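Let's take a walk through this protein together. Have a look at the fold first, and then we'll go from place to place.

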Amino acid sequence: MRLNEQQLKFFETFGFLAFPGLFATEVDTIIGAFEQVWVERGGGHNGKPHDGKQRSTIVPFIDQSERLSALLDDPRIEGVASSLLGDDFNYTASDGNYYAGDTRWHSDGYRNRKYLSLKMAFYLDPLTRETGCLRVIPGSHQVGDRFGDALEAQIRQSEELWGIHGRDVPAVALETRPGDLLLFNHSTKHASFGGSGWRRMFTFNLQQRYQEEDLPALREEIGRLAIYWADRAYGEKMIRTAGPARMRHLEQRLANDGHLAELARKARQEMPEPSRH
């Protein structure tokens, strides 16, 4: 499933795409695999049951399930990602979440990126603008653009600067049903408001492959996984079940994660729990 010219232009201009019902026929299996990961990991953050008050997070997430790991092999995922990132793109990481409450406006990294990176998101409960669906600000991913740069500097101060709550910032509310797939540039400003403490969602992140001269920067990026107490770039099930096609998307980071275990060891000593963000 390759993106057509209109979809490519839309993503380039606005920084997101939505695919309603793309995984509707498999969503029950996907939800079952999602829930099984949480059962095996104690039900919530750091092996403790989710309480509906704080966000619970597992990183890496899809790596904990053979079924979810196989999403990387799916022609729909492969085709969309390859259309934007090239056939040799890197799978970078994933997170599984039980969200609680509002999520402030932010991007997952707003800077002059040499390598395009994006996020694919599966929301596993019906969500509307009033119940915590994803909101995005079209065009806010454009680094170096006056509009995008102003939002980066000001978006967290909407009440002080603009006199409006974050929920009233002009944006597109991407209402979803289980089985929909959302895709957005990591630099796109996004948020959610009004949701319950039990919103289920998982994402995975994908990026263009690094050139040889930028491998030190890649190793630095991989090192940021230490705050989640991850010893390797990927989980055991993700690696063990990878065929040649999937391994193409894993090999570069696996070849450059030798320092991660020591960083994770230090993080375990310094942090009371893995990061929730």
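**A tour from the pocket outwards**

The lining of the largest pocket is a mix of 13 nonpolar, 16 polar and 14 charged residues. (Nonpolar here means Ala, Val, Leu, Ile, Met, Phe, Trp, Tyr, Cys and Pro; charged means Asp, Glu, Lys and Arg; the others, Gly among them, are polar.) Before going on, bear in mind that this is a predicted model, in which local features need pLDDT of at least 70 and side-chain atom pairs count only at pLDDT 80 or more, while totals for chains, interfaces and linings use all residues. Residues are numbered from 1 along each chain as its sequence is written, and side-chain values use heavy atoms, with hydrogens and water left out.

Back to that pocket: its volume is about 1,200 Å³. A pocket is an open set of points on a 1 Å grid over the protein atoms alone, where a 1.4 Å probe fits and protein lies on both sides within 12 Å along at least five of seven lines; lining residues have an atom within 4 Å of a point. The volume is the space filled by probe spheres set on the points, which are joined across faces, edges and corners. Of the 43 lining residues, Asp 95, Asp 108, Lys 119, Tyr 228 and His 277 lie nearest the centre. Strands E3 (90-99), E4 (103-106), E5 (117-123), E9 (190-192) and E10 (199-207) each supply at least two residues of the lining. Strands (E, at least two residues) and helices (H or I, at least four) are DSSP runs, numbered from the N terminus.

Two of those names, E4 and E9, turn up again in an open sheet of 4 strands, ordered E4-E9-E6-E7 with antiparallel pairing. E4 and E7 (172-174) stand at the edges with a single partner strand each, so one side of each has no neighbour in the sheet. From one strand to the next, the twist averages 25° (axes are lines fitted to C-alpha atoms, and angles run from 0 to 180 degrees between N-to-C directions). E4 and E9 are joined by 2 bridges, and pairing takes at least two bridges found by DSSP. Thr 103 stands opposite Ser 192 in E9.

Now for some backbone oddities. Most residues other than glycine have a negative phi, and most peptide bonds are trans. Yet the bond from Val 59 to Pro 60 is cis, with omega near -10°; Pro 60 lies in the loop between E2 (56-58) and H3 (66-69). Asn 46 has a positive phi of about 55°, and Trp 229 has one near 65°.
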